[in-house]
Amino acid sequence: MRGSIVSLALCSLLLACGKAEDREGAIEADTTGMIADTGLSAVGAPADENAARADIVDARGLGIGAVIVTGLDGGVALAGALISLPPGEHGFHIHQIGSCEPPIFESAAKHVAPDGNPHGFDAAGGPHAGDLRNLVVAEDSTATVDQTNERVTLRGGNVELLDGDGSALVIHAGPDDYTTQPSGDSGTPIACGVIEG
């Protein structure tokens, strides 16, 4: 079911935003109503406290899509659709601070890693709480997000994404190798979205 929701989300996003090459003057992508059945109200804000939204912007500050973060019994689910990204694999992480100041998003700070464990799914003692699987962008520069993370929570719990200073989703220029410290040799951040509930 989630696969069809994400597919619908991508179609809606592309219809709302237009072709990537036509968006040079856009300030923010219109992703309202982008994902069906995720607890969003008509204006695109989370309808209850079990969901949050990250509007993703690129290094120029232009909107390129959105990711919905939904609280689960043991973690969170991430679902969304993105456009105008370089094709290939990209490191994808949850960062400590809910701030996304272009062009390289240093304001988001480091990965969420409160226990001080190493970065990477393949690293001994890893991964960070904020580590996610690589985002795969198709040749047409679109990507769908469909992942879960059992090491964080939306609210409450040990690693809370909507704490006092928030958190952000960050996409990097290259793929995460899941072992190199501190961020999998994934390169400069190229897109970011503050998780807001």
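Here is a short tour of this predicted model, stop by stop.

**The whole chain**

Start with everything shown as a cartoon. You should find 1 helix and 9 strands. Trace them from the N terminus and the order reads α-β-β-β-β-β-β-β-β-β. Of the 197 residues, 48% count as buried. Switch on a surface and you are looking at about 8800 Å² of exposed area, with carbon and sulfur atoms supplying 52% of it. As for how the chain comes together, take the contacts between residues at least 6 apart in sequence: 62% of them join residues at least 24 apart.

**Colour by confidence**

Next, colour by pLDDT. The chain averages 82, and 76% of its residues reach 70 or more. Now select residues 1-45, where the pLDDT is below 50. That stretch does have 85 contacts in the model beyond near neighbours in sequence. Go easy on them, though: where pLDDT is low, predicted coordinates should not be read in detail.

**Thr-70**

Now select residues 63-72, which make up strand β2, and pick out Thr-70 within that strand. Is Thr-70 buried or exposed? Neither, quite: its relative accessible area is 22%, so Thr-70 lands in the partly exposed class, given that buried means under 20%. Show what surrounds Thr-70. Leaving aside neighbours within four places in sequence, its contacts are Asn-50, Ala-51, Gly-75, Val-76 and Ala-77. Then add Thr-148 and draw a C-alpha to C-alpha distance from Thr-70: you should get 9.3 Å, for two residues 78 apart in sequence.

**The aromatic pair**

Which rings should you show next? The structure holds 1 aromatic pair, made by Phe-121 and Tyr-178. Their ring centres are 5.4 Å apart and the planes meet at 85°, so this is an edge-to-face pair. Both partners sit in loops: Phe-121 between β5 (92-95) and β6 (135-137), Tyr-178 between β8 (168-172) and β9 (189-196). The pair therefore ties together parts of the chain that are 57 residues apart in sequence. With the surface back on, compare their cover: Phe-121 is partly exposed at 22% relative accessibility, whereas Tyr-178 counts as buried at 14%.

**Arg-133**

For the last stop, keep the two rings in view and add Arg-133 as sticks. Where does its charged end sit? Over the ring of Phe-121, 3.7 Å from the ring centre. The charged end of Arg-133 also sits over the ring of Tyr-178, this time 5.2 Å from the centre.

Conventions:
Residues numbered from 1 in each chain as written. Predicted model: local features only at pLDDT ≥ 70, side-chain atom pairs only at ≥ 80, totals over all residues. Heavy atoms only, no water. Helix = DSSP H or I, 4+ residues; strand = E, 2+ residues; numbered from the N terminus. Buried < 20%, exposed > 50% of the residue type's maximum accessible area, 1.4 Å probe, protein only. Contact = heavy atoms within 4.5 Å. Areas by Shrake-Rupley, 256 points an atom, 1.4 Å probe, with all protein chains shown as cover. pLDDT = per-residue confidence, 0-100. Phe/Tyr/Trp six-rings, centres within 6.5 Å; stacked < 30°, edge-to-face > 60°. Lys NZ or Arg CZ within 6 Å of the ring centre and 35° of its normal.
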